Amino acid sequence: MQVMRVDWYLELKGALEKEAVRSGAEFIRQYKLARGHIKSLGMSADEIEKQLASLKLALPSWAFGAGGTRFFRFPFPGEPSDIFEKIQDASVVNLLTGMAPRVALHYPWDLTSDPASLRKYAGKLGLGFDAINVNTFQDHPEQELSYKFGSLCSSDPLVRKHAVELVLETMDYGKKTGSKDVIVWLGDGSNYPGQMHFRKSFDHYLESLHKIYKHLPSGWTLFLEYKPFEPSFYYTVNFDWGCAYAAACSLGKKAMVLVDLGHHLPGANVEAIVARLLQLDKLGGFHFNDSKYGDDDLTAGSISPYRLFLIMNEIVDAQIERKANKPFLSLMIDQSHNIKDPIEDLLQTCEELAAAYCKALLVDREALCKAQKHGDPVAAERVLKAAFYAPVSGLLSKVRLDKGGARDPVGFYRKIKYREKLTDRRKKEG
Ligand SMILES: [Mn+2]
């Protein structure tokens, strides 16, 4: 199969190695600046580098095609046509950043008749598979029963059974690709008052989840993802972290809450939600993105980098409390683009997430604790801002270069005209 070729991957690796040699004086200046700054904070730059190197993100398979709003989508040259090509694009992001070695699949969008080959091919490109997402929010071709009025929470027991079976099928597929978790987000809800019974619909949700949980493969985690509205505009069954928490608790230890940053109403204090779930030991992971108004799926850190830093700060704080030297949560990206080159967008995202994580590691927790104890909001804010404004880009570059990545991933990608080359290659293969 032509698509299983890896020559382009080896070529790209070679180009990166050559580029690293040319990384130059500017890199050294930035790196020294970062290390000097970390030293001035009384911390070990080596230790921060080590922790940064352990950061691993998962890329969403659905981010590599042109995303769309409910109005339109704009296809772009070289757009991947199947999951094998999406994996190729993901491997480019991982190669250039050195920190995105896993891909999250979406079922049945990413269905292939040969999952064993998909797994093997991903492995050749340095990738594995993260949590698998199930799609019960739309009707699939030749589907017998419709999800128009709900799936796992439908008032029709046959539809609920059908939806549960789809989740079980998703987990079976995930086992074949090497996934270890399944994410259930569902759009179930209603558009008008009276359309759906609030308590009964939540009962149906729990009943369906219990059936799924019973079949959860050993070693797997079931992630419950909440969202306040859309596609249902009046009521969503799993509308906030409280509903997801209650459901996860009713299931057991292997059920956890997943926080998608864009799944909150404007003004919600997401970092406090993160802290509360961590405290309750029910936070399983994230879908990172950014938003201005709703579930906008914009590049992480593009609108509110400070909020991203504050969320990372809660993760690091919990990490330290648990004496873990790396994030114990599943860190996934969930974005969808209709104007950016998706590879560039994900390169930016990795950079933003690494920067926010690195800065969170630089928070002087002793000083912060002291400021909190003495009721000194100015001092507390100064501690956080000192970390937030720290010049860390040189350190991030160093960690990437050590992993065979690029000093400046987007710059390198543009310099070698990767999108043009990819488009030519796919035209020839097409
Ligand atoms: Mn999500």
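**Core and strand E8 in a predicted model**

Me: In this predicted model, what share of contacts between residues at least 6 apart in sequence join residues at least 24 apart?
Reply: Take the protein chain and its contacts between residues at least 6 apart in sequence. Those joining residues at least 24 apart make up 79%.

Me: Which helix gives the most to the largest nonpolar core?
Reply: The largest nonpolar core has 112 residues. Leu224, Val257 and Cys358 have the most contacts inside it. Twelve residues of this core come from one helix, the top contributor, spanning residues 342-361. That is helix H11.

Me: Is strand E8 enclosed or open, and why?
Reply: Strand E8 covers residues 255-260. Ala255, Val257 and Val259 are buried on one side. Met256, Leu258 and Asp260 are buried on the other. Six of the six residues are buried, so E8 is largely enclosed.

Me: Why do the buried residues of a strand fall on two sides?
Reply: Ala255, Val257 and Val259 share one side of E8, while Met256, Leu258 and Asp260 share the other. In a regular strand the side chains go to the two faces of the sheet because they alternate.

Me: Which residue stands opposite Ala255 of E8?
Reply: E8 pairs with strand E6, residues 221-225, in the parallel sense. Four bridges link E6 and E8. Opposite Ala255 stands Leu222.

Me: In E9, which residue is the bridge partner of Leu258?
Reply: E9 spans residues 283-288 and runs parallel to E8, with four bridges between them. Helix H9, residues 270-279, joins E8 and E9 in a right-handed β-α-β unit. The partner of Leu258 is Gly285.

Technical notes:
Residues are numbered from 1 along each chain as its sequence is written. This is a predicted model: local features need pLDDT of at least 70, side-chain atom pairs count only at pLDDT 80 or more; totals for chains, interfaces and linings use all residues. Two residues are in contact if their C-beta atoms, placed from the backbone, lie within 7 Å. A nonpolar core is a set of buried Ala, Val, Leu, Ile, Met, Phe, Trp, Tyr and Cys residues joined through C-beta atoms within 7 Å. A residue is buried if 20 or more other C-beta atoms lie within 10 Å of its own, exposed if 12 or fewer, and partly exposed in between; C-beta atoms are placed from the backbone. Two strands pair if DSSP finds at least two bridges between them. A crossover is right-handed if, with the strands pointing away from the viewer, the path from the first strand over the helix to the second runs clockwise.
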